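Q: I would like a close look at a single part of this model and how it sits against its neighbours. Please keep the account plain.

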Amino acid sequence: MLSKSQIQLIHIAKHQAGLTDDAYRTVLRSVGGVESSKELNQADYERVLAVLEQHGFVDAKNGAGYWQRKAEYAELFANVRLVRKIEQLAATPGQRYGTRMVLRDGKSKCLINCEQNRATKKEHNEQAF
């Protein structure tokens, strides 16, 4: 559940972006699957603000493009977490989660590339924030 200040920021963003109430409700439904900003979870809140930035909202505290970068960054880590979960499910019984089981040569390369991309993206975002 969002805090009062987070809900206020969404409404400020809506007005800055110049959205009508119908357009705003469409954004809430399409991005968060909800009818009201009070029903958004934290991840959907960040995605809604990223969409509102695309329509002209500029967060005075964090600067232009902050929410779009944050949404992209969150998606990157979700992909890495998903790869690790797949590895966990694919591991043979009795094998620890911390050790990686290579199912195919391509899979191990994919994981290495994924982690390198994550590190590169993290360095880039630390410079941007």
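Which residues in helix 1 meet which residues in helix 3?

A: This is a predicted model. In helix 1, the residues that meet helix 3 are Gln6, Leu9, Ile10, Ala13, Lys14 and Ala17. Their partners in helix 3 are Gln42, Tyr45, Leu49 and Leu52. In general, an α-helix has 3.6 residues a turn, so residues three or four places apart point the same way.

The geometry of this pair is as follows. Helix 1, residues 4-17, packs against helix 3 at an angle of about 20 degrees, and the two axes are 10 Å apart. Angles under 35 degrees count as roughly parallel, so helix 1 is roughly parallel to helix 3. The crossing of these two helices is left-handed.

Helix 3 itself covers residues 42-54. Because a helix is expected to rise 1.5 Å a residue, its 13 residues should span 18 Å; the end C-alpha atoms are 19 Å apart, which agrees. At the N-terminal end, Asn41 acts as the cap, with a side-chain oxygen 3.2 Å from the backbone nitrogen of Ala43. Just after the helix, Gly56 has a positive phi of about 120 degrees.

The buried residues in helix 3 include Tyr45, Leu49 and Leu52, each of which also appears in the contact with helix 1. Asp44, Glu46, Val48, Ala50, Val51 and Glu53 are buried in helix 3 as well.

Helix 3 also packs against helix 2, residues 21-32, at an angle of about 130 degrees, again with the axes 10 Å apart. Helix 2 and helix 3 are therefore oblique to each other. Their crossing is right-handed. Helix 2 contributes Val27, Leu28, Val31 and Gly32 to the contact, and helix 3 contributes Asp44, Arg47, Val48 and Val51.

Asp44 deserves a separate note. This residue lies in helix 3 and has a relative accessible area of 9%; the cut-off for buried is under 20%, so Asp44 counts as buried. Leaving aside residues up to four places away in sequence, Asp44 touches Val31 and Gly32, both of which belong to the helix 2 side of the contact. The side chain of Asp44 is also joined to that of Arg47 by a polar contact of 2.3 Å. Arg47 is itself among the helix 3 residues that contact helix 2.

To sum up, helix 3 meets helix 1 through Gln42, Tyr45, Leu49 and Leu52, and helix 2 through Asp44, Arg47, Val48 and Val51.

Note on methods: Residues numbered from 1 in each chain as written. Predicted model: local features only at pLDDT ≥ 70, side-chain atom pairs only at ≥ 80, totals over all residues. Heavy atoms only, no water. Helix = DSSP H or I, 4+ residues; strand = E, 2+ residues; numbered from the N terminus. Expected span 1.5 Å × (residues − 1). Buried < 20%, exposed > 50% of the residue type's maximum accessible area, 1.4 Å probe, protein only. Polar contact = N/O pair within 3.5 Å; in protein donor to acceptor, adjacent residues only side chain to side chain. Axes fitted to C-alpha atoms, helices over the stretch in contact; angles between N-to-C directions. Parallel < 35°, antiparallel > 145°, perpendicular 65-115°, else oblique. Left-handed = near helix turned anticlockwise from the far one by under 90°. Contact = heavy atoms within 4.5 Å.
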